[in-house]
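These are my notebook entries on one chain, written down in the order in which I looked things up. I keep each entry to what I could check for myself.

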Amino acid sequence: MSSQIPFAIDFHVHSDDSYDGHEPIELILEQAADIGLDGVVITDHDEISESRRAADLAPDYGLIGIPGVEVSTRHGHLLAIGVEERPDPGQPFMGTVETVRELGGVAIVPHPFQRSRHGVRKRYIEDADAIETYNSMVFTGYRNRRARTFASRRDYPQIGASDAHYLPNVGKAYTEVLVTPEVVTPTKADIDGDDLVEAILEGRTQIRGKRTPIRKSAVQYGKGAVRKATYMFTSRAPLLPTVPASMDRST
């Protein structure tokens with residue numbers, strides 16, 4: 001029987017293709033490689049083009065490529081990991097979970113129950129493939145503990161992630177995925193995204209890392225709020241360009 005190989009993956013990172021992201025994927029990939037991650041999933045809000053591009057470029061940085069997206073469902077956010085196509089936003093949560101599975105991915109609930117960040121409420125989570133029980137961007141440990149209790153009681157696989165929007169936060173928390181290769185003498189080069197998806201579904205995960213300092217979390221939240229307010233104003237004002245333009249989903 002082949003021994004298990006651990007892969008360090010940050011499954012929840014935003015690039016500048018997100019309305020609240022800041023970094024180009026090239027810098028994120030370089031940062032991930034420099035700090036010793038084996039992979040990073042770009043999960044922009046309702047955008048997947050840069051994530052697909054990052055997955056294609058990942059081997060150039062010695063990383064495994066996995067595309068993904070953070071979908072805005074009718075009831076809160078959902079991470080679609082290992083998909084090449086973005087599920088339609090605005091659909092019911094459970095319908096989106098099924099769509100993710102049909103697309104060959106895993107449906108992971110990020111920062112559950114945290115309404116200020118569009119976390120899905122407990123009553124809507126009838127099923128999922130995994131729960132993000134350690135998000136490094138929470139202000140206190142309460143939400144993570146609540147998510148961990150929820151996942152443990154229902155026997156859901158658990159993941160940790162940075163939810164980074166700035167480069168220094170990439171990999172603050174991550175998931176160690178234990179992959180069981182089919183070959184006798186495997187190397188990490190023999191593993192692809194499908195192997196990682198299978199390992200997550202089987203619950204072969206361990207959470208690593210630590211919380212982002214509260215000061216940095218506060219800065220990120222504050223800037224995000226200003227950005228959203230600016231968008232709401234400029235998107236409704238005649239003759240003014242939408243700022244930031246990346247938030248304009250009508251084009």
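Which side chain meets that of aspartate 127 in a salt bridge? I looked this up with the reminder that the model is a predicted one. The partner I found is arginine 101, with 2.9 Å from N to O.

**Entry on salt bridges**

I noted first that side chains of opposite charge can pair when their charged atoms come close. For the pair of aspartate 127 and arginine 101, I then traced where each residue sits: aspartate 127 is in the loop between β5 and β6, while arginine 101 is in helix α3 (residues 93-102), so that the pair links distant parts of the chain, 26 residues apart. I wrote down aspartate 127 as partly exposed because its relative accessible area is 27%, and arginine 101 also counts as partly exposed, at 27% relative accessibility.

Arginine 101 forms a salt bridge with aspartate 129 as well, and there I read 3.0 Å between the closest N and O atoms. Since arginine 101 lies in helix α3 and aspartate 129 in the loop between β5 and β6, this pair ties together parts that are 28 residues apart in sequence. Aspartate 129 has a relative accessible area of 9%, and because buried means under 20%, I entered aspartate 129 as buried.

I also looked at glutamate 202 and arginine 204, whose side chains meet in a salt bridge of 2.5 Å, N to O. Glutamate 202 is partly exposed at 47% relative accessibility, whereas arginine 204 is buried at 15%. Turning back to arginine 101, I found that salt bridges with shared partners join Glu98, Arg101, Asp127 and Asp129 into one network. My count of salt bridges came to eight.

**Entry on aromatic rings**

How many aromatic pairs are there? I counted two. One of them is formed by phenylalanine 113 and phenylalanine 150, which are arranged edge-to-face, with 5.3 Å from centre to centre and 80° between the planes. Phenylalanine 113 belongs to the loop between β5 (106-109) and β6 (130-135) and phenylalanine 150 to helix α4 (residues 142-154), and this pair too links distant parts of the chain, 37 residues apart. I checked the burial of both and noted that phenylalanine 113 and phenylalanine 150 are buried. Ring pairs link Phe113, Phe150 and Tyr156 into a cluster.

**Entry on charged patches**

On the surface I found a patch of positive charge in which Lys122, Arg146, Arg153 and Arg154 gather. I looked up arginine 146 in particular, which lies in helix α4 and is partly exposed at 30% relative accessibility. A negative surface patch is formed by Glu182, Asp192, Asp194 and Glu198. From this patch I picked aspartate 192, which I located in the loop between β8 (173-179) and α5 (193-201), and which counts as partly exposed because its relative accessibility is 37%.

**Entry on backbone angles**

Which residues other than glycine have a positive phi? I noted aspartate 46, with phi near 60°, and aspartate 163, with phi near 55°. Aspartate 46 lies in the loop between β2 (39-42) and α2 (49-57), and I recorded aspartate 46 as buried because its relative accessibility is 14%. Aspartate 163 is found in the loop between β7 (158-161) and β8, and aspartate 163 is likewise buried, with a relative accessible area of 2%.

Technical notes: Residues are numbered from 1 along each chain as its sequence is written. This is a predicted model: local features need pLDDT of at least 70, side-chain atom pairs count only at pLDDT 80 or more; totals for chains, interfaces and linings use all residues. Side-chain values use heavy atoms; hydrogens and water are left out. Patches are made of residues with over 30% relative accessible area and no salt bridge: like charges are joined within 9 Å, nonpolar side chains (Val, Leu, Ile, Met, Phe, Trp, Tyr) within 5 Å. Accessible areas come from the Shrake-Rupley method with a 1.4 Å probe; for residues, only the protein chains shown count as cover. A salt bridge is a side-chain nitrogen of Lys or Arg within 4 Å of a carboxyl oxygen of Asp or Glu. Lys and Arg count as positive and Asp and Glu as negative; His and the chain ends are not counted. The place of a charge is taken as NZ of Lys, CZ of Arg, CG of Asp or CD of Glu. Helices (H or I, at least four residues) and strands (E, at least two) are DSSP runs, numbered from the N terminus. Buried means under 20% relative accessible area, exposed over 50%, partly exposed in between (1.4 Å probe, protein chains only). Rings of Phe, Tyr and Trp (its six-membered ring) pair if their centres lie within 6.5 Å; planes under 30 degrees apart count as stacked, over 60 as edge-to-face and the rest as tilted.
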